[in-house]
Amino acid sequence: MALENAYKQNIWKIWFSVITNDNSFTLGIIVIYMLSLNLTLSQVSLVLSAWMMAVALGSTPAGLFADKYGFKKALVLGNILIIIGLALFAFRNNFVPFLIGYALMGLGTSLRQGTNYALLYESLKEVGQEHTYKAVAGKLDFFVNIFLVVATISGGFLYTINIRLPFYAEIGTAILALLAILTIKQPPLYVNNLTILKQIKNSITEAVHTPSFSKSFLFSALIGSIALITIQYMQPLYKS
């Protein structure tokens, strides 16, 4: 019974971890923040690219890390990298620390993406409620979007008070999420003996040969990329 309660408690902790995801308070101001510290638009573009490349290149290794060492360890490491990256933005004011910081945040995001939802499914499975996963995950996505809107708008107001305040708020929520993750009960690991290259090959094959998944994946990637790029590069226009 105690073990079952621990897995049930995982649910709200995962919710808190996902809802307080990185870049909420800083998403709407990060470009004008860097421009206000005299970075050129080219440097800003390189910083943003560092995050995107880190997420893209780190996603598969991050998934393999989570499978081998556990979802909890992946989330803890991801949150620590995000906190370090945010600290570089909050307490430094030049190009190289921002480049390193955003790359670390990208790696942290790659460790968190998918891992939260995998942990949610496994936790539900341990208490015999895996059939509710879609409903639970759907509600979680709804509240994530609500928090994102509120936090992004709040970050804009905080920026008008002090340009570093949104990063302090982001660090605070990331620390709270880390504390919640540290108390999560790790479900049993299902170890396989496949090599890393074999696992990558199997993942690509599964994606390519599942039309509904591949179409949804490409559509999501396209819409997400357009949204992310637009909100970043429109910020100088908002400021003017």
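1. A helix here is a DSSP run of H or I at least four residues long, and a strand is an E run of at least two, both numbered from the N terminus. With that in hand, the pattern of the protein chain along the sequence reads α-α-α-α-α-α-α-α-α-α-α. That is 11 helices and zero strands. Please keep in mind that this is a predicted model.

2. On the overall fold: of the 240 residues in the protein chain, 39% are buried. Among contacts with a separation of 6 or more, 82% join residues 24 or more positions apart.

3. A helix pair you may like to look at is H6 (residues 115-126) with H7 (residues 133-161), whose axes lie 10 Å apart and make an angle of about 140°. H6 is therefore oblique to H7, since roughly antiparallel would take an angle over 145 degrees. The crossing of H6 past H7 is right-handed.

4. What fills that contact? From H6 come Tyr-117, Leu-120, Tyr-121 and Leu-124, and they meet Tyr-133, Val-136, Ala-137, Leu-140 and Asp-141 of H7. By class, the residues of this contact are eight nonpolar, one charged and no polar.

5. One residue deserves its own point: Arg-112, which sits in helix H5 (residues 95-112). Is Arg-112 buried or exposed? Its relative accessibility is 3%, so Arg-112 counts as buried, the cut-off being under 20%. As for a partner, the Arg-112 side chain reaches the backbone oxygen of Ser-17 at 2.7 Å.

Notes: Residues numbered from 1 in each chain as written. Predicted model: local features only at pLDDT ≥ 70, side-chain atom pairs only at ≥ 80, totals over all residues. Heavy atoms only, no water. Axes fitted to C-alpha atoms, helices over the stretch in contact; angles between N-to-C directions. Parallel < 35°, antiparallel > 145°, perpendicular 65-115°, else oblique. Left-handed = near helix turned anticlockwise from the far one by under 90°. Contact = heavy atoms within 4.5 Å. Nonpolar A, V, L, I, M, F, W, Y, C, P; charged D, E, K, R; others polar. Buried < 20%, exposed > 50% of the residue type's maximum accessible area, 1.4 Å probe, protein only. Polar contact = N/O pair within 3.5 Å; in protein donor to acceptor, adjacent residues only side chain to side chain.
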